[in-house]
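Colleague: I am new to this structure and would like a close look at a single part. Please start there and then show me what else is worth seeing.

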Amino acid sequence: MKSIYQYLIYICTAFSIASCNYLDVVPDNVPTLDNAFSDRYTAEQYLATCYWGMPKSAGWNENPGIFGSLEMIFNKEGSTSGGMKFGLGTDSPTSALINYWGGTGSMIRSLYAGIRECNTFMEGIVGVKDLNQYEIKRMIAEVKLIKAYMHFYLLTYYGPICPLRENIPVNESTQGVRVYREKVDDCFAYILELLDEVIEGDPLPLVIENQTSELGRFARPAAYMLKAKVLVYWASPLFNGNTDYNSFRNYNGEPFFNQTYDETRWQKAAEACKEAVDICESAGIRLYQISDYIATKTLSDETQLVQTLRGSVSDRWNCELVWGNSSYPVNSGLQGECICYLEQATSLNYGTRMSVSMATVEQFYSKNGVPIEEDKEYDYSNRFNVRTGDEDHKYYIQKGEQTAAMNFDREPRFYSTLGFDRGKWYGNSYKNVPDDDAECLYPKNRFGEFSSVANPGNYNATGYWPKKLVSINSSFRNANDISWENYAFPDMRFADLLLLCAEALNESKDAPDAEVYKYVDMVRERAGLTPLAAYTDRALQNERRWELAFEGSRYYDLLRWGIAGESLEKQNGVKVKNNGVDDVMNMGNLTQRIQETGGFMPIPKTQIDLSAGVLEQTPGWGNDALY
């Protein structure tokens, strides 16, 4: 079998399936279904189609998490892109910007169409004669996992959804078909039912043995981690006793959201997280360490750690990856917006527009592993002054060059995650000095310098790049040409699981103990930080923020914790430079909208209309004055 990763390169044209109206409850490609399961080859293609239907994590116009929490932003000229408009709070039911309910265009397909394809696959695969029973059971388990993933994505994005347990028979008309939004608890229960069927049936391999033909397929650890994540979300304040939604009721007049907090959910989540950790470790999944990063020459300890932390995300199919989303890999599209110009170019044409908001930059820890405003050794009041690179920082900042004082004395993740003016950027240039990595290239980003502007409109708005998302193996060939290495977006990463486990354990106990600290400190130790001296909810939230920066987690974390409105409101707009002039990017009514809607997105008006009044619109999306 070709790898799923290979199939997904061209599956967008093979088996292209049009979208039906109102949840796509009836297949519209009936004449092709017999051929789809005629033999092994066509069945494998259909399996790849199911994988391809998953949300596109590496696209800024497709993944709400890219711009949703404003960790990253485009410049003013890029603020009209769909993803950036979404981040700035200008969505509406009449022009849904990232529409996974009904689908918009080729890259954002309706997840209901994808779920329908999963249902069709599970019905048809049993009749393929040249597949053995193990192969059939394995494929069905994979597709159940995809189906659970899609339902969970819809649930976290829209709130109560319409579970599509099976397709409507093709001889029945959609006329009169009624598919309703169901209570949040019932939606979670159905997702967990699918996951338990996969886990208890045990048809998935523990590890993907064939690295040339099965890359991108689900293995057993992915099922366990997804279940753990689902249970953590179900236990979180947004979904657990959310009385803010008391007036949001179904057709029977019952609240969609449970109104009573259930503390036992955290216990179940903690148990599932620990089981997932055990399964991952038995499969050889672990934190990516310094010994895993293979350098071509001797490096300083500082550079080695920075590259290791970058590699945990972008080193392809590495030991930390529980599952990588290959439906749209991190390619030159995203990497080209995140990379900076490291020398004067004459014909290179990559955007370099992906900027890190100053609110994100400021909140990274100090070198002592605590917030900079709380570190008594950190000169917080003078952080915006200029400071000259010195011997102690020569592997992070060019010695003898001046940059902002806030770039000094920060934790290693600051330097692995961010690129900045005069900050060392090792590994992506063909000009790395062989004997001393302190002399590697670095951005020169003062106004008018070669890193500050590519073509008109292509510039970094804040002076900070998300270096973390640029593969450690992508490289300039010369000043005007880059060789890109694509990698699967890390939708499920072991560090994420460890932090989910710590959170669930902490919430399930009267007070944090050694077991809670264990999982947090595994992540901190890998990042070169000492163990936590004291544990608080904020400390864990900060660990998730920095370890998982720019991976799309922050947006959903803020929502499920119920603090998105207040957190984003503190940013008071997004500070940018517009062609060298200080400016503020307007966040519109973003915080007001989050407070009214809980952060859940609107069902597109077209779908509301097609449902003939069956679908209830999400609260907060009915006042035209706010669109």
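Which strand does E2 pair with, in what sense, and over how many bridges?

Modeller: Keep in mind that this is a predicted model. Strand E2 covers residues 321-330. Its partner is E10, and the two run in the antiparallel sense. The pairing is made over 4 bridges. One facing pair is easy to find: Val 330 sits opposite Tyr 487, which belongs to E10.

Stay with E10 for a moment. The strand spans residues 487-493. Being buried here means having under 20% relative accessible area. By that test 7 of the 7 residues of E10 are buried, so the rest of the structure largely encloses the strand. In a regular strand, side chains alternate between the two faces of the sheet.

Now set the strand pair in its surroundings. The protein has 627 residues, and 62% of them count as buried. Its secondary structure comes to 21 helices and 12 strands. Take the contacts between residues at least 6 apart in sequence: 71% of these join residues at least 24 apart.

Helix H9 offers another enclosed element. This helix runs over residues 220-235, 16 residues in total. From first C-alpha to last, H9 reaches 23 Å, close to the 22 Å expected at 1.5 Å a residue. Of those 16 residues, 14 are buried, so H9 too is largely enclosed by the rest of the structure.

One neighbour of H9 is helix H7, residues 133-158. Their axes lie 11 Å apart, and the packing angle is about 25 degrees. An angle under 35 degrees counts as roughly parallel, so that is how H7 lies relative to H9. The crossing of H7 past H9 is left-handed. On the H7 side, the contact uses Leu 145, Tyr 149, Phe 152 and Thr 156. They meet Ala 222, Ala 223, Leu 226, Lys 229, Val 230 and Tyr 233 in H9. An α-helix has 3.6 residues a turn, so residues three or four places apart point the same way.

For another helix pair, turn to H17, residues 537-547, and H18, residues 553-561. Their axes come within 9 Å and cross at roughly 160 degrees. H17 and H18 are therefore roughly antiparallel. H17 passes H18 in a right-handed crossing. From H17, Gln 541, Arg 544 and Arg 545 make the contact. H18 contributes Ser 553, Arg 554, Asp 557, Arg 560 and Trp 561.

Note on methods. Residues are numbered from 1 along each chain as its sequence is written. This is a predicted model: local features need pLDDT of at least 70, side-chain atom pairs count only at pLDDT 80 or more; totals for chains, interfaces and linings use all residues. Side-chain values use heavy atoms; hydrogens and water are left out. Buried means under 20% relative accessible area, exposed over 50%, partly exposed in between (1.4 Å probe, protein chains only). Two strands pair if DSSP finds at least two bridges between them. The expected span of a helix is 1.5 Å times one less than its number of residues. Axes are lines fitted to C-alpha atoms, for helices over the stretch in contact, and angles run from 0 to 180 degrees between N-to-C directions. Angles under 35 degrees count as roughly parallel, over 145 as roughly antiparallel, 65 to 115 as roughly perpendicular and the rest as oblique. A crossing is left-handed if the near helix is turned anticlockwise from the far one by less than a right angle, and right-handed if clockwise. Contact means heavy atoms within 4.5 Å.
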